[in-house]
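Work through the following exercises with the coordinates open, and compare each of your results with the worked solution beneath it.

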Amino acid sequence: LYVALHLAAMDCPKAKVKEITTLLILTGADPRVADNRGRSAYSMAKECSNEGFLEAVQEYIDVRNGTKD
């Protein structure tokens, strides 16, 4: 799952990245886990300005913390 999440962070079709990222996170992928180079999927998404990925992660955090339905 982590390889897939890193791929979504770097190179996922913009139209589907939010949905794919949400699905991967809901099935257990952690955007904070580092790859073999020490980079997390989240940090890679920030570097690439991958807004869909970042939105999906923030929505998951908000739901988990009870600040969003």
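**Exercise 1.** In this predicted model, determine what joins the side chains of E55 and K18, and establish which helices hold the two residues.

Solution. Start from the side-chain atoms: E55 and K18 meet in a salt bridge with an N to O distance of 3.5 Å, which satisfies the cut-off of 4 Å. Next, place the partners in the fold: E55 belongs to helix α4 and K18 to helix α2 (residues 17-26), so the pair ties together parts that lie 37 residues apart in sequence. Then consider accessibility, where E55, at 39%, counts as partly exposed, and K18, at 25%, is likewise partly exposed.

**Exercise 2.** Find how many salt bridges the structure holds, and describe those formed by R32 and R39.

Solution. The structure holds four salt bridges. Among them, R32 pairs with D30, with 2.9 Å between the closest N and O atoms, while the side chains of R39 and D35 meet at 3.1 Å, N to O. R39 is partly exposed at 26% relative accessibility. Salt bridges with shared partners, in turn, join K18, E55 and E59 into one network.

**Exercise 3.** Check the span of helix α4 (residues 51-65) against its expected value, and then examine the backbone at S49 and G66.

Solution. At 1.5 Å a residue, the 15 residues of α4 should span 21 Å, and the end C-alpha atoms are 21 Å apart, which agrees. Within α4, the buried residues include G52, F53 and L54. G66, which follows α4, has a positive phi near 80°. S49, in the loop between α3 (41-47) and α4, has a positive phi of about 55° although it is not a glycine.

Technical notes: Residues are numbered from 1 along each chain as its sequence is written. This is a predicted model: local features need pLDDT of at least 70, side-chain atom pairs count only at pLDDT 80 or more; totals for chains, interfaces and linings use all residues. Side-chain values use heavy atoms; hydrogens and water are left out. Helices (H or I, at least four residues) and strands (E, at least two) are DSSP runs, numbered from the N terminus. The expected span of a helix is 1.5 Å times one less than its number of residues. Buried means under 20% relative accessible area, exposed over 50%, partly exposed in between (1.4 Å probe, protein chains only).
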